[in-house]
Amino acid sequence: MNVNELLNELRKFVLIKSGLRNIDPAHCKIISEYVFQETKNYVSETTIKRFFGFANTQHKFSLFTLNSLSQYIGYNDWDLFCKDKENKTTEVQSIWQDLKLKAQVITEVSLIAKKNNSGVPFKATANRSFFYPDFDYFFKNNYQFATVSAQPGQGKSILLAHLVEYFFVSENAIYKNDIVLLINSTRINSIIANGMTLKDWFLKEFKFGSLSEMIMYFKKNPDKREGRFVLIVDGIDERLSKSEYFKTFIDFLYSIEENSFLKIIFGLRTNSWINLQPAISGSAFLSKAWYTGLFYDEEKLSNLPALNEEEVLFTLSHIENKAVTKADISPTLLNQFKTPFWIQVYFKLKDENNLLDLSNPLLCYELINYFLERRVFLAKKSTEKIFLLKKIGDCISERNNKLRVAKEKILNYINCYPEAYEELLHSGIIIEEKRFTTSIPTEVVRFINNEIYTYFLFIQITEKFEYKSCKGFFEHILTSFAKQPLLRAHILNWAIRFCITRNEIAELKNIFKLPFTNQEKNESFDFICYISRHELAKPNGTFNKQTIGIDFIDIMATGRTMSSLYKETVKIISENVLNEDVQMMLHIIECNIYLIDVDKISLQNTMHLLKRNYKRLGELFPINPYDLILYFYNNLVSKPNESKTLEDKIIKLCQEIDRSAPKKNEELTTEEVLCYRLVLITLFSQKNYAECHRFIMAILNKYPNIFYIRHSVFSPFLLLHLGQTYLKLNYLKKAQRIIQFVDKIIDSEYTYYTNFILTGFNIFKSTFYNCIHNYEQAIIEADLGLAIAEKHDFKMFEISLILSKIDALKHCEASEEVSTAIKDLLTFLTVHKIPMPEYSNLNGGEFEDTFKILKSYRKHQSA
C-alpha cells in the first residue's frame with residue numbers, strides 16, 4: 001500500500017472508532033477530545049480538520065499525529081499500523097474488492113465534502129427523487145454515460161450527493177455491492193496541486209494505468225468482475241474552461257470502450273455542456289452511449305428542472321425548524337426559491353440578519369443585494385466586474401432581445417477584462433448559451449436570472465440621474481417600462497428601497513402623483529411600509545428614529561389602506577420616532593384606525609398619549625383633534641358628550657375655512673386632511689347633516705379643485721361623505737351624480753384608491769339604493785362590500801353593511817333572511833367583543849328604531 005492508501009485506511013478506522021459513518025468539521029473537535037481521552041496525547045482540532053481534508057495541508061502529517069491516531073484505534077504506533085495493513089492486501093481480497101475498498105474511501109471523503117459545501121444543511125435539502133427512476137433506467141440499460149447538466153445554482157451537486165447515498169452508500173442502498181467512485185473538484189484540485197496528472201493518480205490509487213486499461217482488464221477477465229463500476233465526476237467546469245484540460249477530457253471520452261459494466265455520470269454546468277456536445281455528436285459511439293434522460297430540455301441543454309413547491313417548502317421547513325406552508329411565504333419569493341441557489345443565499349442572510357420573515361416581499365430584494373454585494377461589489381476585481389455587468393445590461397436593454405446579448409457584441413469588453421469575465425461565469429452571475437434557432441449557431445450571454453438583470457438595469461437608471469431620486473427619476477421609470485408592467489413593478493420596488501435607505505422620503509410622493517396604475521400605487525404603498533419597518537430596525541440605517549419627518553407622515557395619510565401591514569407600520573414607527581410632532585400625528589392616524597376597528601382599549605391608550613400634548617395639538621392643527629377623538633370614544637363607551645362646545649368649535653373652524661382665499665391642491669396639508677376627516681365623521685355621527693354639508697362646501701371654497709386630486713384617498717373620501725350627506729338631506733339626484741362620478745374616476749386606471757375606499761363606496765351605494773327603494777340592488781352592493789370588508793378586517797364597515805342589508809331585507813318582507821342577517825350581526829359583535837357604535841348606522845330615519853332595538857338587545861346580551 002502507498003502512503004495515501006494507508007492514510008485513507010487510518011481515516012476510515014478513526015471514523016469507525018469514533019462511531020461516525022460520515023464526518024463534518026464540527027465532529028473534528030469531538031474526535032480531538034476522544035483521542036486525548038484514549039491516549040493522553042493532544043491532537044488539535046485544526047490538525048484533525050487537516051487530516052480529514054477540511055483544511056489546507058501544506059506539509060506532511062507529523063509522526064506524533066500519526067502515532068497518536070494509530071494508538072487511538074488500538075495500535076502501538078503508526079509503523080505497526082502500516083505493517084498490519086501491508087499484510088492484508090491482495091492475497092486476502094480480490095482485485096474487485098480491493099478496487100471497491102479504495103473507491104469507497106475516496107467516495108466517502110468526496111461525499112463529506114459535498115455535504116459540507118452545501119449552502120444549507122444537507123439534511124434540509126430536497127432529495128429530488130424524481131431523478132431516481134431516470135438514473136435506474138440508465139444504470140440497467142446499455143448506456144455508457146449520462147450528464148446532469150444545469151445552470152449554476154440549480155442544485156446538481158446536491159442531487160448527485162443524494163443519488164450516491166440512495167443507490168450506493170446508505171444502509172438500505174439498492175446497489176450496495178457495486179463500486180461507486182465519486183470524484184469532485186476538491187480531489188482533482190488536490191491531485192493537480194501535487195504535480196500529478198489524473199492518469200498518474202489513477203495508477204497510484206487503483207494500480208491501473210487508466211480507466212481504459214481497467215475496462216480492458218475486466219473485459220478479458222470477466223470472472224474477476226463482481227458487479228458494475230460507477231464513476232461520478234462533478235465540479236470540473238472551471239478546469240474545462242481551459243483548453244488543455246478540455247482536450248484531455250475529450251480524449252478521455254474517446255478512450256472509453258463499449259462495455260456492459262462501466263457507467264459514468266458527469267455533473268456539468270450548461271455552458272460546459274454546450275462546448276462538449278459537439279464532441280459527443282461527432283462520435284457515433286458516444287451519441288449512442290449518451291443517456292439524455294426524461295427531463296432533458298433541448299433548448300436549455302439541461303435535464304435538471306427547477307424545484308417544485310413541495311421541495312421548496314420541505315427545505316424551508318427544515319431551515320425554520322417548523323412547518324412552512326405556501327401561505328407563509330410571499331408568492332414572488334416562492335417563485336425565486338425554485339432556484340435552489342437563492343435558498344442558500346437566504347440561509348446565509350438569515351444567519352446574519354434575522355429581521356425579515358418569509359412573508360415579506362422585501363426579502364427578494366435583500367437576497368439579491370446580499371448576494372451581489374459579496375460576489376461582485378466586495379469581491380476581487382469588483383470595478384471590472386461591475387463595468388462588465390453594466391455593459392451587458394446596456395446591450396440587453398438597448399436591443400430588447402429577450403434579456404440576452406450576442407457574445408460578439410461585448411467581445412471587446414470581455415477581451416479587456418478576461419479574468420473578471422471568467423469569474424462572473426464561475427460565480428454564477430452570468431451564463432453563456434448557444435442559440436440554435438439561427439442559421440448559424442450563435443453564442444449568447446445573459447444574466448443567470450431576471451432578478452439580477454433587473455438590479456443592474458436599475459443601477460443604470462440611478463447613474464443616469466447621478467444617484468439622486470427626483471420627479472424625473474420616477475417619470476423615466478413610468479415611461480421607459482410602460483409595456484413591461486412586471487419589470488416596471490420590480491424597478492419601482494428597487495427605487496422605493498433606494499429612496500428609503502437614503503432617507504429621500506419626499507421623492508416617494510412622485511409615485512402617487514404620477515400616472516402609475518392604481519395597483520402599482522397600492523403595491524408601492526405596501527412596499528414603503530415593509531422597507532420603512534426594516535430600515536428602522538437596522539442599527540445604523542439612515543432612515544431612523546431621528547430622521548423620520550413630516551414627509552413620511554404625508555405618505556401615511558395619503559394612503560389609508562387599513563391593512564394589517566399599514567396598522568403595524570404606523571404603530572411601530574409611532575413607538576420609535578423621536579420627533580414629538582410627528583409622533584402625535586401618527587397617534588392621530590392610530591386613533592382613526594381604532595375607530596374603524598371599534599377598538600376601545602387601544603383607542604383609550606393612545607388618547608392618553610395624546611392628552612399629554614393637548615396644548616401642542618391645538619397649535620399644530622386647525623382644530624384640536626383630541627376633542628374630536630374624545631367625542632367618538634364617549635360614543636363607543638356610551639358616555640354623554642358636551643356636544644355644544646364641540647359644535648361651536650367646528651362652526652368657528654368652518655367659518656375660518658370659508659373666509660380663506662382659494663388655494664391650489666398642492667397647498668393642502670396633512671394636518672388639514674387628518675382634521676377635516678375627523679370633523680366630517682363627527683358631524684355625521686351627530687346627525688348634523690346641514691353643518692356637514694356647509695363644512696364640505698367651505699373646504700371646496702378653499703380648495704376648488706379638491707375633487708380632482710388623484711394621488712390621495714382624501715378626495716374620494718370627501719366625495720363619498722358628500723354623497724352620504726346628500727342622501728340624509730334627500731338630495732337623491734345629487735347623490736346619484738356622485739355615484740356616477742366616483743364610478744368614472746375609479747374606472748380611470750391612474751386614480752389612487754384603496755380597498756377601504758371601495759368598501760366605503762359599496763356602503764354609499766347600498767344606502768342610496770335603499771333610499772330609492774331598489775332593495776335588491778342594495779343587498780347586492782352590501783354583499784359586495786362585505787366580501788371586501790371581511791377579507792381586510794374593516795370591522796366598522798362590516799357593521800354598517802350588515803345594518804344596510806337588514807334595512808333592505810326588511811323592506812323585501814324576507815323575515816327569515818332578516819333573522820339570519822341579525823344573527824350574523826350579533827355573532828360578529830360577540831366574536832370580536834365589540835359594541836355597535838352610533839356612527840356605524842348610515843341608514844335612514846325609518847331604520848332608527850330597528851337600530852335602537854338591536855343596540856339595546858346587544859347591551860342586554862353583554863350584561
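**A walk from a small sheet to the cores**

Select Lys 434 first: Glu 443 in strand E8 stands opposite. You are looking at a predicted model, so local features need pLDDT of at least 70 and side-chain atom pairs count only at pLDDT 80 or more, while totals for chains, interfaces and linings use all residues. Residues are numbered from 1 along each chain as its sequence is written, and side-chain values use heavy atoms, with hydrogens and water left out.

**The sheet**

Now show E7 along with E8 (residues 442-447): 6 bridges join these antiparallel strands. Strands here are DSSP runs of E, at least two residues, and helices are runs of H or I, at least four residues, numbered from the N terminus. Two strands count as paired if DSSP finds at least two bridges between them.

Add E6 and you have an open, antiparallel sheet of 3 strands in the order E6-E8-E7. E6 (404-406) and E7 (430-435) are the edge strands with a single partner each, so one side of each has no neighbour in the sheet. On average, neighbouring strands in this sheet are turned by 35° against each other, ignoring direction.

Next, pick helix H22 (residues 418-426), which lies across E7 and E8 and runs at about 85° to E7. Axes are lines fitted to C-alpha atoms, for helices over the stretch in contact, and angles run from 0 to 180 degrees between N-to-C directions.

Stay on the sheet and show the side chains of Glu 433 and Arg 446, which meet in a salt bridge at 3.1 Å, N to O. Glu 433 sits in E7 and Arg 446 in E8, 13 residues apart. Both Glu 433 and Arg 446 are buried. Buried means under 20% relative accessible area, exposed over 50%, and partly exposed in between (1.4 Å probe, protein chains only).

**More salt bridges**

A salt bridge needs a side-chain nitrogen of Lys or Arg within 4 Å of a carboxyl oxygen of Asp or Glu. From H22, go to Glu 419, which forms one with Lys 381 (3.5 Å, N to O). This pair links H22 to the loop between H19 and helix H20 (382-399), 38 residues apart. Glu 419 is exposed at 53% relative accessible area, whereas Lys 381 is partly exposed at 28%.

Then jump to Arg 374 and Glu 352, another salt bridge, with the closest N and O atoms 3.2 Å apart. Arg 374 belongs to helix H19 (residues 362-377) and Glu 352 to helix H18 (residues 340-352), so the pair ties together parts 22 residues apart in sequence. Arg 374 is partly exposed, at 35%, and Glu 352 is exposed, at 52%. The whole structure holds 39 salt bridges.

**The cores**

Next stop, the inside. A nonpolar core is a set of buried Ala, Val, Leu, Ile, Met, Phe, Trp, Tyr and Cys residues joined through side-chain atoms within 4.5 Å. Start at Ile 477: beyond its neighbours within four places in sequence, its contacts (heavy atoms within 4.5 Å) are Ile 461, Arg 488, Ile 491, Leu 492, Ala 495 and Phe 516.

Ile 477 is among the residues with the most contacts inside the largest nonpolar core, which has 200 residues; others including Phe 337, Ile 430 and Phe 695 are worth selecting too. Helix H30 (residues 580-597) gives the most to this core, with 11 residues. Domain 3 (309-358 + 368-375) and domain 4 (778-862) each supply at least three residues to this core; domain bounds come from an automatic or database domain assignment.
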